[in-house]
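Visitor: Could you give me a close look at the charged side chains that pair up in this model? I would also like to know what lies around them, taken step by step.

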Amino acid sequence: ANTKQTFPEYNRLVDRNGDIQIFLLFGMDNPNENWNPMVSRDINAETYRRTKMLLERNGFQSKVWATADLQKFTTDFRYGTPYVETLDRPAAHGHLVINMFFGPTSSPTSYAFAQFFNAALSNAAVVIYSGHSGLGAYVSPTAFQVDYGVSMTPAKERYQILFFNSCSSYSYYNREFFALKASALDPYGTKNLDIMANGLATLFSSLTRANFALLNGVINWADLGRATSWQDIVLQADSGNLLSVNGDEDNPVTPPGI
């Protein structure tokens, strides 16, 4: 049933080091364009640049990853080198760390994406994928195993938020991810996972607004202790593509504590 008011469990996003780890992964529309989003003509490079600009206006400091940093996650650069940078700043209730990835997400050019997405799933509190859904193939646990030999390993005991900001992701990216988080104490996998997904086709021009509806919710809590409900996040993000949240049925219905 639709819920009238539920909240992300913001206080559970902070890890043992006091960090709130966020991964933003931008999938290219055309992998034949330049893989550097700061100069690329790829349509999703504009989403990347706008996101970076808005974060820097909000006080985040940027550091672009060197090749040695990338090699900690992947060594397959046969098709090209993805662009990754970290933007971070302190907040009252946790240190905000946002890792941004730009590269292709369609096989065979996307082995690095598979590695980075799995790293995000294993370590981050919030994971946002913005790009094509590939009819359910681009971010599928099954496809990752078949195409890349990568087994998705989510942080099972940690509360996480996943946002699949792609076309019709509600149809593709729900059950498999809840199943990955399921346990004997949580047979449905919803206690430690909330998933945002789109019901209809999604324009590249709407990605930034939707991403920032979620990001601002996390940032406002980290800065001010102000909790934004899932329903308000959806209202701020939705561009008429039937954006939804699953897994919030066991979330608090009043703002969680600090």
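Guide: Let's start with R12, which is partly exposed because its relative accessible area is 31%. Please keep in mind throughout that this is a predicted model. The side chain of R12 meets that of E9 in a salt bridge, with 3.2 Å from N to O. What is the setting of E9, buried or exposed? E9 has a relative accessible area of 13%, so it counts as buried. This bridge therefore joins a partly exposed arginine to a buried glutamate. As for the chemistry, side chains of opposite charge can pair when their charged atoms come close.

Searching the whole structure gives 5 salt bridges, and two others deserve a visit. In one of them, the side chains of E33 and R41 come together at 3.7 Å, N to O. Here E33 is partly exposed, at 22% relative accessibility, while R41 is exposed, at 72%.

The other pairs R49 with E46, again a side-chain salt bridge, at 3.2 Å from N to O. Both residues belong to helix α1, which spans residues 43-57, and they sit 3 residues apart, or about one turn of the helix. Why does that spacing suit a pair? An α-helix has 3.6 residues a turn, so residues three or four places apart point the same way. Both partners count as partly exposed, R49 at 25% relative accessibility and E46 at 44%.

From α1 we can step across to helix α7, where T208 is located. Leaving aside residues up to four places away in sequence, T208 touches T47, R50, T51 and L54. T208 is buried, because its relative accessibility is 9%, under the 20% cut-off.

Staying in helix α7, we come to N211. N211 also counts as buried, and its relative accessibility is 0%. What does N211 touch, if residues up to four places away in sequence are not counted? The contacts are L24, F26, I128, S130, F163 and N165. If you would like a distance to try on screen, pick N211 and T190: they are 21 residues apart in sequence, and their C-alpha atoms are 21 Å apart in space.

Helix α7 (207-224) is also one of the elements that the buried residues of α8 pack against, together with β6 (160-165), β7 (193-198) and β8. Those buried residues of α8 are W230, Q231, I233, V234 and A237. They lie on the same side of α8, because they cover an arc of only 160 degrees around its axis.

A237 brings us to a cavity. The structure holds 3 cavities of 30 Å³ or more, and A237 is among the residues lining the second largest. The rest of that lining is F163, N165, N198, T202, S206, A210, D238, S239, N241 and L243. You may recall F163 and N165 as contacts of N211. The second largest cavity has a volume of about 40 Å³, and its lining divides into 4 nonpolar, 6 polar and 1 charged.

The largest cavity also has a volume of about 40 Å³. Its lining consists of W35, D76, Y79, G80, P82, P108, T109, S110, Y111 and A112. These residues divide into 6 nonpolar, 3 polar and 1 charged.

Let's return to the end of α8 for a point about the backbone. In the loop between α8 (230-237) and β8 (243-246) you will find L242. L242 has a positive phi of about 60 degrees, although it is not a glycine. Why does that deserve a second look? Most residues other than glycine have a negative phi. L242 counts as exposed, because its relative accessibility is 55%.

Another leucine with a positive phi is L135, near 55 degrees. L135 lies in the loop between β5 (126-130) and α4 (141-148). With a relative accessible area of 72%, L135 is exposed too.

Note on methods
Residues numbered from 1 in each chain as written. Predicted model: local features only at pLDDT ≥ 70, side-chain atom pairs only at ≥ 80, totals over all residues. Heavy atoms only, no water. 1 Å grid on protein atoms, 1.4 Å probe; cavity = no way out; pocket = protein on both sides within 12 Å on 5 of 7 lines; lining within 4 Å. Points joined across faces, edges and corners; volume = space filled by probe spheres on them. Nonpolar A, V, L, I, M, F, W, Y, C, P; charged D, E, K, R; others polar. Helix = DSSP H or I, 4+ residues; strand = E, 2+ residues; numbered from the N terminus. Buried < 20%, exposed > 50% of the residue type's maximum accessible area, 1.4 Å probe, protein only. Salt bridge = Lys/Arg side-chain N within 4 Å of Asp/Glu carboxyl O. Arc of directions from axis to C-beta. Contact = heavy atoms within 4.5 Å.
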